[in-house]
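Please open the model in your viewer and keep the sequence beside it, so that each selection can be followed in both. The tour goes from one stop to the next, with a short account of what is found at each.

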Amino acid sequence: MHYPEHLKQAVLAKAKDLPLEGFVEGQGPQQPKVMLIGEAPGKEEIKENVPFIGRSGQLLMEQLQQVGLSRETVYITSAVRSRPFSVKTKQIAKTGERVTKFPNRTPTKEEIKIFAPLLDWEIAVCQPELILTLVNIGLQRLLGPKPTITAVHGTVIQSPIQTFDEQSQNYHWTQKTYQIIPLFHPAAVFYNYRLKEVVKEDWQVVQKQLQLLKKV
């Protein structure tokens, strides 16, 4: 689904001098039952212009499939649509050569605000019945800084969400209530194998909620 060109260009104009790379649009059906909100695209996503690919993307697709969903049925986006990177220079001990790398990093609050109008537009157009957020960035973009993924993962939260007001440059709460389930990032199990069972249980919550939505 393509963003309105004037909205996209306004966002990119504000982001042009920041350490951000590329741009990946959200992808999926226009009126999905489920929307998935991540943090920001990484190197592979920018290269292929597809959200959530690579090793963690493959695991996410497996998790979606286990609850009866797929890339084609879920709208996938993120709080920031360009890749935030940092600049790291180090010296190789053997050769003395200095090498500069540009690894991924967590987006800043400023960057999240810059891209907020795009996410607000997506939610308004898609009107998802269920929103799945990954890690703290997606969660706190919608519900503010207080909830953390460690505290609320795998719970069904019914709440208004934050939308960004350009005039005041602040977030405001919607009148509408949304259903949100915070989830760990798929890659979390690569770094902490003990989370594997926790992640499995969280997706079981997603499956139960989807079954409830079918009955409504």
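## Helix α5 and its partner

Select Arg141 to begin: this residue is buried, with a relative accessible area of 3%. Before going further, please keep in mind that the structure on screen is a predicted model.

With Arg141 still selected, add Asp120, and look at the two side chains, which meet in a salt bridge of 2.5 Å, N to O. Asp120 lies in helix α4 (residues 109–126) and Arg141 in helix α5, so the pair ties together parts that are 21 residues apart in sequence. Is Asp120, the other half of this pair, buried or exposed? Its relative accessibility is 16%, and because the cut-off for buried is under 20%, Asp120 counts as buried.

Now widen the selection to the whole of helix α5, residues 135–143. The buried residues of this helix are Ile137, Gly138, Leu139, Arg141, Leu142 and Leu143. Val135 is also placed in α5, and its phi is near 55°, a positive value in a residue other than glycine. Most residues other than glycine have a negative phi. Step past the end of the helix, and Gly144, just after α5, takes a positive phi of about 85°.

Turn next to Leu134, which is found in strand β7 (residues 130–134). Leu134 has 0% relative accessibility and therefore counts as buried. If you draw a distance from its C-alpha to that of Ala10, the viewer should show 26 Å, for two residues that are 124 apart in sequence.

## Other salt bridges

How many salt bridges does the structure hold? There are seven, and the pair already visited, Asp120 with Arg141, is one that you have seen as a salt bridge. For another, select Glu25 and Lys8, whose side chains meet at 3.9 Å, N to O. This pair links distant parts of the chain, with Glu25 in the loop between β1 (20–21) and β2 (34–38) and Lys8 in helix α1 (residues 5–15), 17 residues apart. Glu25 is buried, and so is Lys8.

Then select Arg105 together with Glu111, which form a salt bridge in which the closest N and O atoms are 2.6 Å apart. Here, too, both Arg105 and Glu111 are buried.

## The loop between β3 and β4

Move to Arg81, whose place is in the loop between β3 and β4. What is the nearest side chain of opposite charge to Arg81? It is Glu122, 5.2 Å away, and Arg81 is buried yet has no salt bridge. The side chain of Arg81 does, however, reach the backbone oxygen of Val24, at 2.5 Å.

Ser82 lies in this loop between β3 and β4 as well, and at 4% relative accessibility Ser82 counts as buried. A line drawn from the C-alpha of Ser82 to that of Glu129, which is 47 residues away along the chain, spans 26 Å.

## The largest pocket

To find the largest pocket, select Ala40, Pro41, Gly42, Glu45 and His185, which lie nearest its centre among the 25 residues that line it. Four elements give two or more residues to this lining, namely α2 (43–48), α3 (54–66), β3 (74–78) and β4 (83–84). The pocket holds about 430 Å³ of space, and, sorted by class, its lining has eight nonpolar, nine polar and eight charged residues.

## Two loops beside α3

Select Asn49, in the loop between α2 and α3. Asn49 has a positive phi of about 60° although it is not a glycine, and with a relative accessible area of 40% it is partly exposed.

The last stop is Arg71, which is placed in the loop between α3 and β3. At 23% relative accessibility, Arg71 counts as partly exposed. From the C-alpha of Arg71 to that of Arg194 the separation is 27 Å, the two residues being 123 apart along the chain.

How values were computed
Residues numbered from 1 in each chain as written. Predicted model: local features only at pLDDT ≥ 70, side-chain atom pairs only at ≥ 80, totals over all residues. Heavy atoms only, no water. 1 Å grid on protein atoms, 1.4 Å probe; cavity = no way out; pocket = protein on both sides within 12 Å on 5 of 7 lines; lining within 4 Å. Points joined across faces, edges and corners; volume = space filled by probe spheres on them. Nonpolar A, V, L, I, M, F, W, Y, C, P; charged D, E, K, R; others polar. Buried < 20%, exposed > 50% of the residue type's maximum accessible area, 1.4 Å probe, protein only. Lys, Arg positive; Asp, Glu negative; His and termini not counted. Salt bridge = Lys/Arg side-chain N within 4 Å of Asp/Glu carboxyl O. Polar contact = N/O pair within 3.5 Å; in protein donor to acceptor, adjacent residues only side chain to side chain.
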